Amino acid sequence: MAALLLGLLLFAMQSPPIPSSPVQSNQGPSPTPWPNNGTHANGTLQHLPQILIIGVRKGGTRALIEMLSLHSAVAAAQNEVHFFDWESHFQRGLPWYLSQMPYASPGQLTVEKTPAYFTAAKVPQRIHQMNPDIKLLLILRDPTERVLSDYTQVFYNRLQKHKRYQPIESVLVKDGEINLGYKALNRSLYHVHMQNWLRYFPLARIHVVDGDKLIRDPFPEMTKVERFLKLEPQINASNFYFNKTKGFYCLRDHGRERCLHDSKGRAHPRVAPVILQKLYQFFHEPNKKLFELVGRTFDWK
């Protein structure tokens, strides 16, 4: 009996300790086992995300995560969790955040997307505290087009709820000038928000996806994403087909075809050319500052 007790004691002393912080690595994202919710009956496990799609709102984040989900080494959270930007969620702690993640097979990387992360001031520091080695995906599109998409989404949401809405001219322009109080404009000042992210993450940890190119020709952009994430090339041109009815690319995966929700790709309201020209001029200098920050240019008007 004494020998049995001694053996159990030695076994307990040799058990590996639970790490008190996320595992860090300079070799790219790797599964982070802390904290965890245990193993599912089929051998899968929930992980804190090794990849985050941080924005931007109306930039194409849903298309990006759906396309990334074509890869067998990726497990994607289906909902926008809003952990780092909503105080009510953040106060619940990392165990709650982990519980929102999908179950992943061994070797799979977990990705979560919340477009509001990019423009929320507190988020970069909070993510860095969780895992400074995390890989970040940011999808951007022409800032003027993004503003119009932003308005379009709010317009249809209010229309469906039978609420009053403001004509687009009245929110874009005030006293003959661009309305700086319109929140959608702030979201398109990409350089302001990027400066905040670069305080906590090197540019090498942030891959900027060209949202306009992803819409026109998704395969080359997804190849760049695979390369950034150090994933084995799997996504190919046959995974995409152009749906003439919807007017954008849809996905084909193992014989199954699927398109984004009908709320995606809605036509923008008509805007007077003089107002569009004001928007283009307004974003000209901010765009140049972004190009300098990220070391590349985009084909924006």
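**A disulfide, an aromatic cluster and the salt bridges around them**

At a relative accessibility of 29%, cysteine 259 counts as partly exposed, a label that belongs to a three-way scheme in which buried means under 20% relative accessible area, exposed means over 50%, and partly exposed covers what lies in between, computed with a 1.4 Å probe on protein chains only. The model described here is a predicted one, in which local features need pLDDT of at least 70 and side-chain atom pairs count only at pLDDT 80 or more, whereas totals for chains, interfaces and linings use all residues. Residues are numbered from 1 along each chain as its sequence is written, and side-chain values rest on heavy atoms, with hydrogens and water left out.

The partner of cysteine 259 is cysteine 250, and the sulfur atoms of this disulfide are 1.9 Å apart, where a disulfide is taken as a pair of cysteine sulfur atoms within 2.5 Å. The count under this rule comes to 1 disulfide. The link between cysteine 250 and cysteine 259 is right-handed, with 105 degrees about the S-S bond. Unlike the partly exposed cysteine 259, cysteine 250 counts as buried, at 1% relative accessibility.

Arginine 256 belongs to strand S12, residues 256–258; here strands (E, at least two residues) and helices (H or I, at least four residues) are DSSP runs, numbered from the N terminus. With 51% relative accessibility, arginine 256 counts as exposed, and its C-alpha atom is separated by 9.8 Å from that of asparagine 239, which is 17 residues away along the chain.

Two helices can be considered next. In helix H2, residues 61–68, 8 of the 8 residues are buried, among them the charged residues Arg62 and Glu66 as well as Leu64, Ile65 and Leu68. Helix H12, which spans residues 273–294, is the place of proline 286, and this proline is buried, with a relative accessible area of 13%. When its neighbours within four places in sequence are left aside, proline 286 is in contact with Leu189 and His191, contact meaning heavy atoms within 4.5 Å. The C-alpha atoms of proline 286 and leucine 189 are separated by 6.3 Å, although the two residues are 97 places apart along the chain.

The aromatic side chains offer another way through the model. A pair of aromatic rings is described by the distance of the centres and the angle of the planes. The rings of Phe, Tyr and Trp (its six-membered ring) pair if their centres lie within 6.5 Å, and planes under 30 degrees apart count as stacked, over 60 as edge-to-face and the rest as tilted. The structure holds 14 such aromatic pairs. One of them joins phenylalanine 84 and phenylalanine 90, whose ring centres are 6.5 Å apart and whose planes meet at 45 degrees, so the pair is tilted. Phenylalanine 84 is buried at 1% relative accessibility, while phenylalanine 90 is partly exposed at 24%. Both belong to one aromatic cluster together with Phe83, Trp96, Tyr97 and Tyr117.

Phenylalanine 90 also has a charged neighbour, since the charged end of arginine 126 sits over its ring, 3.9 Å from the centre; the rule for this arrangement asks that NZ of Lys or CZ of Arg be within 6 Å of the ring centre and within 35 degrees of the ring normal. The charged end of lysine 135 is likewise placed over the ring of phenylalanine 228, 4.6 Å from its centre.

Arginine 126 leads on to the salt bridges. A salt bridge is a side-chain nitrogen of Lys or Arg within 4 Å of a carboxyl oxygen of Asp or Glu, and a search of the whole structure finds 12 of them. In one of these, arginine 126 meets glutamate 87, with 2.8 Å from N to O. Arginine 126 lies in helix H5 and glutamate 87 in helix H3, so the pair ties together parts that are 39 residues apart in sequence. Arginine 126 is buried, with a relative accessible area of 12%, and glutamate 87 is partly exposed at 34%. Glutamate 87 also meets lysine 122 in a salt bridge, at 3.7 Å from N to O. Lysine 122 lies in the loop between strand S5 (109–113) and helix H5 (123–130), and is exposed at 52%.

A further salt bridge joins arginine 57 to aspartate 150, the closest N and O atoms being 2.9 Å apart. This pair links distant parts of the chain, 93 residues apart, with arginine 57 in the loop between strand S2 (51–55) and H2 and aspartate 150 in helix H6 (residues 143–160). Arginine 57 counts as partly exposed at 24% relative accessibility, whereas aspartate 150 counts as buried at 2%. Together with Arg146 and Arg187, Arg57 and Asp150 are linked in a network of salt bridges.
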